[in-house]
Structures are given as C-alpha cells and as structure tokens.
Amino acid sequence: MVDLARVDAIVDEHGRRQERLIAMLLECQEEFRYLPRALIERVAARVGVPARVVLGIATFYRGFSLKPVGKYQISVCTGTACHVLGATKLVEALERELGVKKGATTQDGQYSLHTINCPGCCGLAPVVTVNQDVHGKINQAKLPRLVKKYSH
C-alpha cells in the first residue's frame with residue numbers, strides 16, 4: 001500500500017508544478033520502488049493534470065516501473081563486449097540462482113532481474129549492476145556470492 005500522505009509531501013516539495021513531474025515520479029519510485037495506479041492518480045490530482053499525462057511519462061521512460069520491483073535490481077549488460085564474454089550464460093545462471101525469469105521479481109520482493117544494453121564500462125565486461133553498484137569481470141562462479149552480498 002502506498003502512503004498517499006508521503007506522495008502529497010513529495011508533490012508539495014516540488015511546488016505542484018507540471019514541469020517537475022519527472023522529478024516527482026523519480027522520487028516517488030525511489031521511495032515506493034514502483035508507480036502504482038493510485039500514486040499516479042494522486043500525483044495528477046495534486047498537480048492538476050489528467051492522469052493520462054502522468055501515466056504517459058511513467059510509461060515513456062524505461063526507468064519507471066508500473067509493477068513492483070525488487071529492493072535490489074540486478075541487471076546484466078548484454079551489449080556487444082558483455083555478450084561476447086558470456087552475458088547470456090550469466091542471465092541464465094541468475095535466473096536459476098534467484099528462481100525467476102528475466103524481467104521478474106522474486107516473491108520476497110528482494111530482487112528483480114533485468115538486462116541492459118550498455119552501462120558504458122566495456123573494459124570491465126561482462127558487467128552486472130546491482131542498483132547503482134557496478135560489478136565487472138563477473139563469471140558464473142561469482143554470482144552466488146554477489147547475490148548473497150545483497151541479501152539483507
């Protein structure tokens with residue numbers, strides 16, 4: 001359940017201005033880990049725009065999610081350098097390790113598994129990111145320890 005009072009506070013901090021919608025949504029997503037329908041409708045009402053405007057922003061940018069994501073978002077780079085050095089095998093190993101398919105979130109809400117095109121650190125290939133942390137030169141043997149590092 002989303003704390004609508006907290007959503008109101010975030011919108012108010014941004015002055016209820018339409019040009020601040022992206023910043024509001026980013027802050028809301030950081031707090032709640034996704035943008036549920038009730039949140040989108042509340043932001044729209046507080047800013048004074050139709051909900052479709054806010055929903056349009058939330059669906060246009062890949063950084064936003066309309067469904068719950070894990071506390072730890074694990075992303076495997078599938079860009080050229082990482083692909084050549086085994087990214088596909090890393091994705092498969094993480095699917096087994098986490099018990100979810102790419103694009104899904106574990107039932108406990110701890111992990112989401114994604115692929116990304118290129119975080120721009122090809123010299124570290126293959127690369128796995130966990131939230132903002134970048135882990136380079138990853139191989140299948142290192143994955144269980146990497147996942148365990150983020151189990152809280």
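In this predicted model, Tyr61 is partly exposed, with a relative accessible area of 38%. Its partner Phe60 counts as exposed, at 63% relative accessibility. Together, Phe60 and Tyr61 form an edge-to-face aromatic pair, with 4.9 Å from centre to centre and 90 degrees between the planes. Phe64 joins these two residues, and Phe60, Tyr61 and Phe64 form one aromatic cluster. In general, a pair of aromatic rings is described by two things, the distance of the centres and the angle of the planes. The count of aromatic pairs comes to four.

Another of these pairs brings Tyr72 and Tyr150 together. The centres of the two rings are 5.4 Å apart and the planes meet at 55 degrees, so the pair is tilted; an angle over 60 degrees would have counted as edge-to-face. This pair links distant parts of the chain, since Tyr72 belongs to strand 1 (residues 72–77) and Tyr150 to the segment after helix 7 (143–149), 78 residues apart. Are these two tyrosines buried or exposed? Tyr72 counts as buried, at 9% relative accessibility, and Tyr150 is buried too, with a relative accessible area of 6%.

It helps to step back and look at the chain as a whole. The chain has seven helices and four strands, which follow one another in the pattern α-α-α-α-β-α-α-β-β-β-α. Its C-alpha atoms fill a box of roughly 50 × 30 × 20 Å along the principal axes. Of the 152 residues, 40% count as buried. Among the contacts with a separation of 6 or more, 59% come from residues 24 or more positions apart. The accessible surface of the chain is about 8,700 Å², and 52% of this surface belongs to carbon and sulfur atoms. As for charge, there are 21 positive and 14 negative side chains, and the centres of the two sets lie 7 Å apart.

Helix 4 (residues 51–60) shows how a helix can have two sides. Which of its residues are buried? They are Val54, Ile57 and Ala58. Seen down the axis of helix 4, these buried residues fall within an arc of 95 degrees, so they line one face of the helix. The cover over them includes helix 2 (21–32) and helix 3 (37–47). On the face turned away from the buried side, helix 4 carries the exposed residues Arg52 and Phe60. This is the Phe60 that pairs with Tyr61.

Strand 1, the home of Tyr72, also holds Cys77. Cys77 is buried, with a relative accessible area of 3%. What does Cys77 touch, not counting residues up to four places away in sequence? The residues in question are Cys82, Ala87, Ile116, Asn117, Cys118, Pro119 and Val127. Arg16 offers a view across the model: Cys77 and Arg16 are 61 residues apart in sequence, and their C-alpha atoms are 37 Å apart in space.

A loop can hold a buried residue as well. Thr106 lies in the loop between helix 6 (87–98) and strand 2 (111–116). With a relative accessible area of 9%, Thr106 is buried, because the cut-off for buried is under 20%. Leaving aside neighbours within four places in sequence, Thr106 is in contact with Leu98, Val100 and Tyr111.

Methods. Residues are numbered from 1 along each chain as its sequence is written. This is a predicted model: local features need pLDDT of at least 70, side-chain atom pairs count only at pLDDT 80 or more; totals for chains, interfaces and linings use all residues. Side-chain values use heavy atoms; hydrogens and water are left out. Buried means under 20% relative accessible area, exposed over 50%, partly exposed in between (1.4 Å probe, protein chains only). Contact means heavy atoms within 4.5 Å. Accessible areas come from the Shrake-Rupley method with a 1.4 Å probe; for residues, only the protein chains shown count as cover. Lys and Arg count as positive and Asp and Glu as negative; His and the chain ends are not counted. The place of a charge is taken as NZ of Lys, CZ of Arg, CG of Asp or CD of Glu. The arc is that of the directions from the helix axis to the C-beta atoms. Rings of Phe, Tyr and Trp (its six-membered ring) pair if their centres lie within 6.5 Å; planes under 30 degrees apart count as stacked, over 60 as edge-to-face and the rest as tilted.
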